[in-house]
Amino acid sequence: MPSLAPAGDYRSSYREDMTIFLTRNSRIGLLIGIVLVACAPLALGRYELGLLINIGFLGIAALGLNILVGFTGQISIGHAAFFGFGAFMSAWLHERWHIPVVFCIPLAGIATALIGLVFGAPAARLKGLYLAIATLAAQFILEDFFARAQWFTGGVAGRITEPFELFGWRADREESYLYVVLAAVIVMYAFAANLMRTRDGRALVAVRDHYLSAEVMGVNLAYYRTLSFGIASFYAGVGGALYAHYLLFVSVEAFNILFSIQFLGMVIIGGLGSIMGSLMGAAFMVLLPEVVQVGADALAGGAIDRALKLGSSISFLREMAVGLAIILFLIFEPNGIVHRWQLIKAYWKLYPYSH
Amino acid sequence: MSAALQMTASSALLEVNNIEVVYNDVILVLRGLSLSVPQGKIVALLGANGAGKSTTLKAISGLLKTEEGAVTRGEIRFGGDRIDGIDPHVIVRRGIFQVMEGRRIISDMTCLENLRLGAFIRSDKEVTRDIEMVYSYFPRLKERTGLAGYLSGGEQQMLAIGRALMARPKLILMDEPSMGLSPLLVKEVFGIIRKLNEDLGITILLVEQNARMALSVASYGYVMEQGKVVLDGTAEALASNEDVKEFYLGGHGAERKSFRNLKSYKRRKRWL
Amino acid sequence: QPIPLGHLMDLSGGTSDVGTPFAQGVNDTFAWVNKTRNGVAGRSVNVLAHDYGYQAPRAVSQYQAWSRDRVVGIMGWGTADTEALVRFVTRDRIPYVSGSYSAALTDAAGKSGRQGVEATPYNFFYGPSYSDALRAMLQWAADDWKAKGKPGRPKYVHMGANHPYPNSPKAAGEALAQELGFDVLSPVTFALTPGDYTAQCLTLKNQGANYAYLGNTAGSNISVLRACQTAGVDVQFLGNVWGMDENAMKAAGTAADGVVFPVRTAAVWGAQAPGMANVQAISRISDAAGTAYRPVHYVAGICSAMLMVEAMETAAANGGQVTGERIRDGFYARKDWIPKGFEGVCVPSTFTANDHRGQLNVTLYRSRVAGDTSQGSVKDLVAAGTIKLEPVTTVALPRKAEWLGW
Amino acid sequence: MAADTGTAVAPILAAEHVSLRFGGVRALTEVSFEVRRGEVFSIIGPNGAGKTSMVNCISGRYRPTEGRIRFDGADITRVPTRKRAAVGIGRTFQNLALFGHMTVLDNIMVGRHHLLKHGFWTGMPYWLGGAQQEEIRHRREVEEIIDFLEIQHVRKATAGTLSYGLRKRVELARAVALKPKLILLDEPMAGMNLEEKEDMARFILDLNEEWGMTVLMIEHDMGVVMDISHRVMVLDFGRKIAEGTPEAVLADPHVRRAYLGEADEVVHDLDEPVTA
Amino acid sequence: MDWSLLLQLTLNGLIVGALYGVVAMSFVLIYKASQVVNFAQGEFLLVGAWVCWWMLTEWQLPFWAGFLFTLAFMTLFGIILQVVVLRPLIGEPVISVIMATIGLGIFFQALMKWIFGVFAKPFPPIFTTERINLLGLEVQTVYLLSLGISVLIMAGFAWFFTASKHGLAMRATAFDQQVAQSLGVSVPKVFAMSWAISAVVSAVAGVVVGVVNGVSSALSFYGIKVFPAVILGGLDSVVGAVLGGLIVGVLENWAQYLDANWLNWGNMYSIAPFYALILILLVKPYGLFGTKNIERV
Ligand SMILES: Nc1ncnc2c1ncn2[C@@H]1O[C@H](COP(=O)(O)OP(=O)(O)OP(=O)(O)O)[C@@H](O)[C@H]1O
Ligand SMILES: Nc1ncnc2c1ncn2[C@@H]1O[C@H](COP(=O)(O)OP(=O)(O)OP(=O)(O)O)[C@@H](O)[C@H]1O
Ligand SMILES: CC(C)C[C@H](N)C(=O)O
Ligand SMILES: [Mg+2]
Ligand SMILES: [Mg+2]
């Protein structure tokens with residue numbers, strides 16, 4: 001039985017064997033990553049920082065979806081609506097009840113989790129694609145609600161939100177808000193990693209892999225199916241709230257089905273059932289259109305530009321690129337970025353004995 | 001080396017030459033396996049769990065492809081033509097049919113529909129007649145009119161064998177046909193296997209854990225371990241081999257060891 | 001050193017049917033200004049165009065990028081996004097010429113005291129507000145009803161998507177309709193996308209509406225027109241300024257025949273006017289052959305852009321800096337303002353520090369479609385007279401204080 | 001061989017007139033039996049006789065159409081499946097039912113589900129609130145099971161890639177992790193060669209004798225059934241046709257006809273003298 | 001209660017619903033063959049409608065010729081899609097394939113806008129009598145034609161899945177691709193066939209809608225409409241798909257009636273089917289006709 005456990009693996013206590021990161025290198029790598037992001041404002045412009053922030057809050061929401069889709073095996077096509085709910089909730093909590101934004105964000109997450117539980121209730125009974133399509137209905141129903149709940153969302157006109165503030169420190173610029181998002185990402189990702197290595201996380205995966213035998217093991221199917229919606233919505237809500245206080249404006253238009261689909265794309269491109277993959281998927285989805293834009297800009301004015309009307313078609317090209325990227329990814333790396341990454345690592349570890 | 005190679009290629013319907021199989025590009029499972037199945041004979045393939053028996057069958061039937069496995073070395077010949085690398089549905093048309101491990105019947109179809117699907121590659125008029133033939137082998141299938149998914153394990157196994165018959169193959173690869181069958185049915189199934197071979201002239205490569213039964217119907221046998229053939233010979237020769245007796249047949253001569261008294265010691269002979 | 005100017009366009013979203021020609025007009029105009037007039041005060045205008053797909057959040061996020069790039073002004077588009085950005089542009093002092101003619105954008109000093117209407121000192125647009133245009137159409141409708149001598153009270157209905165843009169004149173229109181003696185029916189909702197609106201038309205027919213305001217853009221309006229034609233609905237449609245144009249007439253065919261709608265330029269493509277030569281010159285920027293037919297929105301785009309251009313020139317005059325504040329003041333510098341060289345094309349506008357209702361004279365046209373429009377280009381159809389824009393009347397609205405911002 | 005379990009001890013499991021119907025199919029008809037504490041009890045019978053259905057009734061997958069099932073004195077007929085783990089019933093499945101994408105270790109840890117207390121509230125902040133301690137404690141016990149079943153070498157492997165025999169063993173480990181009083185084994189030896197059957201037999205006996213679990217087993221290998229069970233019940237067409245010690249049951253002509261076929265080479269295995 | 005309006009609305013709902021039914025059937029076809037929910041179904045409509053429009057206006061073909069060409073084109077289109085995109089995904093988890101269809105949907109939606117622009121384009125007149133009066137409701141002739149086509153297609157599908165061996169092979173493939181292959185079924189061929197048929201059938205619907213409303217990217221909304229329809233009917237039931245389509249069509253129209261007369265919310269027309277979807281699923285988790293999963297251990 002060939003084992004893919006990394007070489008140089010000398011763990012001797014169960015505690016060590018149960019850490020999130022199997023090797024010291026990966027732990028150090030992560031630390032370096034965090035430090036790099038924290039230093040980003042020194043090197044990057046506000047535009048690039050904005051992209052990082054986007055990756056952050058989308059990554060949080062994508063992680064939630066990954067818990068639902070990747071770990072529990074329930075497809076949701078309504079994630080953007082929950083993301084939106086979190087955004088509106090945070091804005092509303094602040095405006096209506098004057099709760100400081102710091103608290104609004106987690107509260108919005110919890111409120112969204114509750115809504116997620118409501119919409120997840122059918123999950124206890126529905127299987128597979130029937131459930132997926134029920135979430136599609138949730139998407140439209142919530143969108144409709146956003147468009148009409150004037151008191152809550154500002155109706156179709158949307159709602160202006162306030163920037164993040166903590167003890168007089170206002171994070172209304174990319175340079176400062178980056179840290180808010182970074183902190184949130186760390187906390188939320190650590191939570192997820194922990195969840196997956198404890199009872200409830202395992203139960204979620206068990207329900208996905210074989211719900212009948214999970215039940216025999218004492219796992220309450222209805223509870224966990226619903227819970228996974230709650231958790232996914234919690235993440236979506238937190239992500240949405242972070243979005244609201246970044247953009248400073250929330251409107252129903254943003255939370256459409258295409259956005260929901262993009263979340264699915266992030267999860268699948270990043271790697272189903274992979275925690276870090278969610279972040280990678282989010283990064284991919286955020287950066288892809290930028291790359292297309294850069295490409296189009298590079299061609300601007302040239303013959304190709306004139307022939308294809310690149311300038312005025314850029315939106316279509318971006319959309320096409322997104323569609324194409326999803327397809328190509330699935331064809332060439334169906335297991336997601338994370339898998340590619342692991343293969344690269346495994347290759348070097350086993351090099352030169354690849355078999 | 002082994003007797004397998006001494007058997008003349010001309011009489012062999014199926015020949016597996018020194019193949020290597022790798023899963024997921026990394027896991028090497030078969031390491032230079034060779035065997036040969038003569039036309040019109042039953043050949044048994046024995047081996048421990050995980051030895052690679054099912055993998056061998058899947059390599060022959062081409063189904064390996066569907067599991068991210070690949071034959072990376074060696075060749076497989078059927079009736080003289082190479083068939084490694086060919087798509088499984090083409091191989092079925094050439095006359096090799098695999099009865100997969102774990103029955104794998106289509107549970108949301110009826111028995112009848114499963115049987116009709118067995119005849120998918122055929123377009124002759126005798127399908128209906130063959131269905132009756134299958135029912136004559138397994139009468140209880142006729143009584144089960146509901147979805148096949150609700151059949152008991154044994155009934156599903158019968159259906160799986162019946163489905164293979166519907167394809168009228170030249171060679172059937174059977175992966176543990178007796179698994180989960182009651183003694184009565186095991187006997188029946190082996191009777192049927194023998195009958196298929198004798199009446200219809202179907203060649204059979206049989207993977208079995210029930211070595212005693214397998215060797216009783218087979219004319220030749222192979223023993224695998226860790227992806228290689230470690231022993232082969234005529235059924236009689238194997239049946240009288242001491243190691244085979246010890247590890248596969250479980251008895252020295254007429255004696256049988258009780259499962260109760262094996263406790264705490266572990267005998268394990270490895271050829272490799 | 002070029003002057004950065006933002007331009008939000010909808011080339012791909014819900015209103016891209018009219019957004020595309022309008023944006024083309026704006027872009028061509030700035031390119032033309034850069035080319036023939038050496039930009040503004042010797043500096044070329046660097047137009048940062050962005051297709052935001054008619055999604056307000058994307059507009060806001062783009063705005064934030066631009067505010068970092070220190071754009072001096074923005075050519076905007078939709079109602080939802082313009083209204084969402086009001087606070088931001090006011091804070092950052094960035095003059096904003098929108099394609100949205102929402103009346104809420106006209107209360108520059110915030111003196112109307114209407115609930116939910118903020119001061120919009122930096123928002124401008126070229127044309128009568130949606131509400132004023134609708135008021136004009138209602139007055140015409142009241143006259144029309146009388147002229148036809150039909151018995152009883154006419155019935156009026158507002159139709160459109162639940163969206164800030166169609167919603168914008170809803171209350172104002174219904175209030176005036178009431179005043180003018182219409183029975184106001186409950187509004188009919190239909191999405192901003194084309195679709196099958198037979199059910200809506202059957203309802204309309206059933207309710208017996210006589211005058212119906214179409215609040216959406218052309219693409220979805222034509223679906224309604226066609227469905228209502230099939231269902232045999234006998235109603236006079238009143239189009240929104242963005243709701244009808246030559247393209248829509250071609251797409252809708254005879255179903256579009258008879259729709260009355262406001263046109264906010266003094267001349268349409270192909271008409272004779274002193275300013276038309278410049279319009280054609282601008283058009284040639286993106287159509288070297290000079291063969292394209294430009295719909296009304298293209299021309300309106302030119303006039304809107306020219307307001308911005310001249311306001312910037314005013315700001316730069318006498319060695320001044322082209323700053324947001326100075327550009328805003330540039331909008332106040334003239335009365336009955338027609339951009340130079342566009343006489344007979346652009347309609348005069350007047351902005352004051354308290355009142356950004358640039359135009360109160362509303363010119364109404366009627367669409368005339370005679371025969372099959374599916375073959376041939378808009379240009380051919382207009383040339384053949386199959387499609388015609390027929391002037392109806394010009395309504396001069398009073399500058400009522402209570403209508404400000406509403 | 002007969003068990004030292006006297007009738008004085010209350011049975012751990014009792015099925016009382018259990019019937020089960022699926023539409024027209026009568027999977028079980030009026031089946032009653034008792035499993036005594038500490039014994040190895042086997043159910044045999046032809047395919048489709050209703051053995052798995054019986055086990056499903058006990059583990060809660062199916063609810064009997066009629067009749068009752070008592071466990072440890074309490075009526076559990078209506079207890080939902082998921083609560084039966086806590087009641088003390090563990091099982092394996094006839095067709096493998098592992099969590100294919102989880103590691104062997106996690107598979108077994110799922111078996112601890114009902115013994116773990118920390119949910120997601122305390123699980124998320126792993127280091128606070130004791131979730132870590134709990135995990136470690138249970139991990140230790142699970143490792144004992146892993147050692148016992150000799151699957152150390154695959155503990156980090158993904159269950160779905162294991163060979164059949166190993167999977168069966170992992171499934172057993174998972175059921176054992178439940179700490180059940182009664183363990184239900186549905187054809188634990190199917191698909192195994194002799195050597196592995198011997199191993200499995202040893203595990204079952206150890207579980208029974210050293211871990212003190214009562215075993216209810218369905219098995220078609222008569223050698224195994226004869227050797228390790230204390231008592232045997234025979235089902236045929238959903239009805240109980242015999243019950244008793246293995247020897248007695250196998251001597252029953254009715255059973256021989258229905259299950260083993262007329263005495264011939266299949267049965268001769270069993271008639272061979274057993275070297276004790 | 002206004003009975004004549006209600007009658008007309010119902011009739012209108014049935015007519016439009018039949019079209020939903022046609023699209024739903026082609027959706028169910030792919031589902032039955034591969035367990036894949038095709039999110040690009042709406043784009044199939046769109047591509048079909050645009051191609052036909054192109055033939056009719058730019059090439060000035062007569063309707064029947066353009067229509068036949070469209071069908072031929074869509075057959076090819078379905079096959080090529082399958083070969084290029086879906087074949088490499090055979091054996092991957094269903095969700096990956098579903099995601100690929102989403103990618104396809106996004107791609108073709110944008111591509112069509114890019115090629116044909118964003119403005120709705122009308123079809124040339126096709127029938128000499130453009131509309132026919134049916135119980136007081138003016139109905140476009142194409143719609144009536146589509147009603148006939150739907151019935152034909154439905155009968156064809158019903159026969160295909162129960163009686164033909166290729167239908168069986170398709171179901172087997174959906175159940176377990178490996179098993180289907182072991183039976184001699186060529187999974188790629190089955191998929192190619194299902195995608196081609198599905199594309200063709202949707203294109204028929206696309207052309208009909210295009211003739212009625214003009215062609216525009218909004219046509220792809222039918223791809224979303226189809227979800228309530230198939231769920232109501234049950235994902236894998238052909239008859240259910242048609243019934244689901246009819247139900248959704250009628251429901252929309254009744255919702256409009258309710259809305260216009262009492263609620264005045266203005267949104268029920270588009271949202272009511274989704275509420276209905278949720279309600280139905282709460283009562284019948286497999287829709288009205290869907291087959292239940294077999295849960296046997
Ligand atoms: N799809 C797969 N991916 C990776 N490894 C596999 C796969 N299938 C089988 N293996 C590995 O290949 C080896 C041989 O498996 P195979 O199923 O051929 O054994 P077998 O001899 O049939 O055993 P059994 O008697 O248990 O059925 C095992 O170690 C197994 O883990
Ligand atoms: N969920 C179900 N729905 C319908 N029929 C069922 C269901 N479960 C079992 N049956 C039927 O009940 C009968 C008994 O099945 P069961 O699985 O209990 O047999 P078994 O004794 O375990 O057989 P085997 O030894 O082959 O596993 C069979 O005829 C089977 O078809
Ligand atoms: C229809 C478009 C012209 C957008 C419009 N300007 C609005 O107010 O939203
Ligand atoms: Mg095997
Ligand atoms: Mg069974």
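This report describes the chains, nonpolar cores, disulfides and ligand surroundings of a predicted model.

## Chains in contact

Eight pairs of chains are in contact in this predicted model, and among these pairs chains B and D share the most contacts. Chain C touches neither of these two chains: no contact joins chain B and chain C, whose closest C-alpha atoms lie 39 Å apart, and chain C and chain D likewise do not touch, with their nearest C-alpha atoms 33 Å apart.

## Nonpolar cores

The largest nonpolar core holds 426 residues, and the members that touch the most other members are Tyr235(A), Phe255(A) and Phe263(A) in chain A together with Met159(C), Leu204(C), Phe237(C) and Phe331(C) in chain C. The element that gives the most to this core is helix H1 (residues 3-34) of chain E, with 18 residues.

Phe331(C) can serve as an example of how one such residue is surrounded. Leaving aside residues up to four places away in sequence, Phe331(C) touches Val97(C), Phe124(C), Leu307(C), Met308(C), Ala311(C), Trp337(C) and Phe351(C). A second core, separate from the largest one, has 40 residues, including Leu98(D), Val142(D), Leu162(D) and Val224(D).

## Disulfides of chain C

Over all chains, the count of disulfides comes to two. When the bonded cysteines of chain C are numbered in sequence order, the pairing reads 1-2, 3-4.

One disulfide joins Cys201(C) to Cys228(C), with an S to S distance of 2.0 Å. The torsion about the S-S bond of Cys201(C) and Cys228(C) is about -85°, and the disulfide is therefore left-handed. Because Cys201(C) lies in helix H7 (residues 198-207) of chain C and Cys228(C) in helix H8 (residues 218-231) of chain C, the pair ties together parts that are 27 residues apart in sequence. Both ends of the bond are covered: Cys201(C) has a relative accessible area of 0% and is buried, and Cys228(C), with a relative accessible area of 1%, is buried as well.

The other disulfide joins Cys303(C) to Cys346(C), and here the S to S distance is 2.0 Å. With a torsion of about -95° about the S-S bond of Cys303(C) and Cys346(C), this disulfide is left-handed. Cys303(C) lies in helix H11 (residues 296-316) of chain C, whereas Cys346(C) lies in the loop between helix H12 (324-332) and strand S12 (361-369) of chain C, so the pair ties together parts that are 43 residues apart in sequence. Cys303(C) is buried, with a relative accessible area of 0%, and Cys346(C) counts as buried at 2% relative accessibility.

## Buried cysteines in chains A and D

Two further cysteines may interest a reader who is looking at cysteine accessibility. Cys104(A) has a relative accessible area of 0% and is buried, while Cys57(D) counts as buried at 1% relative accessibility.

## Surroundings of ligand 3

Ligand 3 is surrounded by residues of chain C, namely Thr15(C), Tyr54(C), Trp77(C), Gly78(C), Thr79(C), Gly99(C), Ser100(C), Tyr130(C), Tyr165(C), Thr217(C) and Trp242(C). Some of these residues also place polar atoms by the ligand. A polar side-chain atom of Tyr54(C) lies 2.5 Å from an oxygen atom of ligand 3, and a polar side-chain atom of Ser100(C) lies 3.4 Å from an oxygen atom of ligand 3. Gly99(C) takes part through its backbone, where an N or O atom lies 2.7 Å from a nitrogen atom of ligand 3. On its own, ligand 3 has 280 Å² of accessible area, and the protein covers 100% of this area.

## Surroundings of ligand 1

Ligand 1 lies between chains B and D, the pair of chains that shares the most contacts. There are 21 residues around ligand 1, of which Asn49(B), Ser54(B), Thr55(B), Glu101(B) and Thr161(D) come nearest. Strand S2 (27-38) and helix H2 (53-61) of chain B, together with helix H6 (164-177) of chain D, each supply at least two residues of the shell, and the largest share, three residues, comes from H2(B).

Chain B also provides side-chain N or O atoms close to oxygen atoms of the ligand. The distance from an oxygen atom of ligand 1 is 2.7 Å for a side-chain N or O atom of Glu101(B) and 3.4 Å for one of Glu176(B), while a polar side-chain atom of Gln209(B) lies 3.0 Å from an oxygen atom of ligand 1. Of the 630 Å² of accessible area that ligand 1 has on its own, the protein covers 87%.

Key. Residues are numbered from 1 along each chain as its sequence is written. Chains are lettered from A and ligands numbered from 1 in the order in which they are written. This is a predicted model: local features need pLDDT of at least 70, side-chain atom pairs count only at pLDDT 80 or more; totals for chains, interfaces and linings use all residues. Side-chain values use heavy atoms; hydrogens and water are left out. A nonpolar core is a set of buried Ala, Val, Leu, Ile, Met, Phe, Trp, Tyr and Cys residues joined through side-chain atoms within 4.5 Å. Buried means under 20% relative accessible area, exposed over 50%, partly exposed in between (1.4 Å probe, protein chains only). Helices (H or I, at least four residues) and strands (E, at least two) are DSSP runs, numbered from the N terminus. Contact means heavy atoms within 4.5 Å. A disulfide is a pair of cysteine sulfur atoms within 2.5 Å. A residue is near a molecule or strand if one of its heavy atoms lies within 4 Å of it. A polar contact is a pair of N or O atoms within 3.5 Å; within protein, one must be able to donate a hydrogen and the other to accept it, and residues adjacent in sequence count only if both atoms are side-chain atoms. Accessible areas come from the Shrake-Rupley method with a 1.4 Å probe; for residues, only the protein chains shown count as cover.
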